[in-house]
Amino acid sequence: MTNENALPLLSIEHARKSFGETEVLKDISLSVEPGEVVAIIGPSGGGKSTLLRCATLLETLDGGSLAFGDVQVARDEGGRAVYADKASVKRAKERFGLVFQDFNLFPHYTVLKNVMDAPVSVLKRPRAQAEEHARALLAKMGLSGKEDMVPCELSGGQKQRVAIARALAMDPDILFFDEPTSALDPELTKEVLKVIRSLAEERMTMVIVTHEMRFARDVADRIVFMDGGFIVEEGSAAQVIDNPQHQRTKSFLSNYAEG
């Protein structure tokens, strides 16, 4: 892991993104400090997943800037986002891991190969070292004994835990989760949230897009409520979830009042 001293691990400033005529991100600024857990909540279509996809370079910003620590990925020039060279983008990609809602495992690889493949092929780690690290991560995820299975032999919760192990295998500075439990039933959701909770206790820096309000309140240091392409409200969990200031936040959270 890198040591960035005063720099945030993630810094997004004045981010804008449109798809055709639809403006999805409208002047979003967000920074994440080392060891911080940030939960992004809000209604579907509010821009949460697009923000995550832009942060993880799956989409490009139209305007604004993006940096991972001392690696500037995009800078705003005259209202347009101009991206850095390939080497800088590659360095940035090594700083973060991403866990998708639909797992995105390689179906024909074993669980072990899914986890150790990128450290060997991307980071050029010795195979024996990568395997040892992968086995340790799988054990940490409660998946010892599943190393030789393929994804179709696993439950959804097990697949998601393999996906988390795979992201951690790259030793990222920051982990992004895009609705990590939305494809799971309540029982499997519980086992995945338990893993994320344990990572939070270890002070793993995480940005989590989630609809699990109780989990967000318990685990996040900071909650960001997004709607209509804007950050409407942000603050501590107690502040945003238990005592929201904006009417839009109150209205959204009232749907979860029973949860």
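Ala-128 is placed in helix H4, which covers residues 127-140. In this predicted model, Ala-128 is exposed, having a relative accessible area of 61%. The C-alpha atoms of Ala-128 and Asp-171 are 16 Å apart in space, and the two residues are 43 apart in sequence. The points below turn to the chain as a whole, then to helix H1 and to several residues in loops.

**The chain as a whole**

- The secondary structure of the protein chain consists of nine helices and eleven strands.
- The radius of gyration of the protein chain is 18 Å, which agrees with the value near 18 Å that a compact globule of 259 residues would have.
- Along the principal axes, the C-alpha atoms occupy a box of roughly 50 × 50 × 35 Å.
- Of the 259 residues in the protein chain, 51% are buried.
- Among the contacts with a separation of 6 or more, 64% join residues that are 24 or more positions apart.
- The protein chain has an accessible surface of about 12,100 Å², and carbon and sulfur atoms contribute 48% of that surface.
- The chain carries 31 positive and 38 negative charges, and the mean positions of these two sets lie 3 Å apart.

**Helix H1 and its surroundings**

- Helix H1 is formed by residues 48-55.
- Six of the eight residues of H1 are buried, so the helix is largely enclosed by the rest of the structure.
- The buried residues in question are Lys-48, Thr-50, Leu-51, Leu-52, Cys-54 and Ala-55.
- After H1 comes Leu-57, which has a positive phi near 70°.

**Lys-48 in helix H1**

- Lys-48 belongs to helix H1, and Lys-48 counts as buried because its relative accessible area is 4%, where buried means under 20%.
- A polar atom in the side chain of Lys-48 lies 3.0 Å from the backbone oxygen of Pro-43.
- When residues up to four places away in sequence are not counted, Lys-48 touches Ile-40, Ile-41, Gly-42, Pro-43, Glu-179, Val-209, His-211 and Met-226.
- Lys-48 and Val-192 are 144 residues apart along the chain, and a distance of 20 Å separates their C-alpha atoms.

**Thr-56, in the loop after H1**

- Thr-56 is located in the loop that runs between H1 and strand S4 (63-68).
- Thr-56 is buried, with a relative accessibility of 5%.
- The side chain of Thr-56 reaches the backbone oxygen of Arg-53 at a distance of 3.5 Å.
- Apart from its neighbours within four places in sequence, Thr-56 makes contact with Phe-96, Leu-98 and Phe-176.

**Loop residues with a positive phi**

- Most residues other than glycine have a negative phi.
- Phe-103 is not a glycine, yet its phi is positive, at about 70°.
- The loop that holds Phe-103 connects strand S7 (96-99) and helix H3 (111-121).
- Phe-103 is buried, and its relative accessible area is 12%.
- Glu-179 is likewise a residue other than glycine with a positive phi, in this case near 50°.
- Glu-179 has its place in the loop between strand S8 (174-178) and helix H6 (186-201).
- With a relative accessible area of 10%, Glu-179 is buried, and Glu-179 is one of the residues that Lys-48 touches.

**Leu-123, between H3 and H4**

- Leu-123 sits in the loop between helices H3 and H4.
- Leu-123 counts as partly exposed because its relative accessibility is 26%, and partly exposed residues fall between the 20% limit for buried and the 50% limit for exposed.
- Leu-123 is in contact with Glu-94, Ala-118 and Met-170, once neighbours within four places in sequence are left aside.
- Leu-123 and Glu-94 are 29 residues apart in sequence, and their C-alpha atoms are 8.6 Å apart in space.

Technical notes:
Residues are numbered from 1 along each chain as its sequence is written. This is a predicted model: local features need pLDDT of at least 70, side-chain atom pairs count only at pLDDT 80 or more; totals for chains, interfaces and linings use all residues. Side-chain values use heavy atoms; hydrogens and water are left out. Helices (H or I, at least four residues) and strands (E, at least two) are DSSP runs, numbered from the N terminus. Buried means under 20% relative accessible area, exposed over 50%, partly exposed in between (1.4 Å probe, protein chains only). Contact means heavy atoms within 4.5 Å. A polar contact is a pair of N or O atoms within 3.5 Å; within protein, one must be able to donate a hydrogen and the other to accept it, and residues adjacent in sequence count only if both atoms are side-chain atoms. The radius of gyration is taken over C-alpha atoms; the globule rule is 2.2 Å times the number of residues to the power 0.38. Accessible areas come from the Shrake-Rupley method with a 1.4 Å probe; for residues, only the protein chains shown count as cover. Lys and Arg count as positive and Asp and Glu as negative; His and the chain ends are not counted. The place of a charge is taken as NZ of Lys, CZ of Arg, CG of Asp or CD of Glu.
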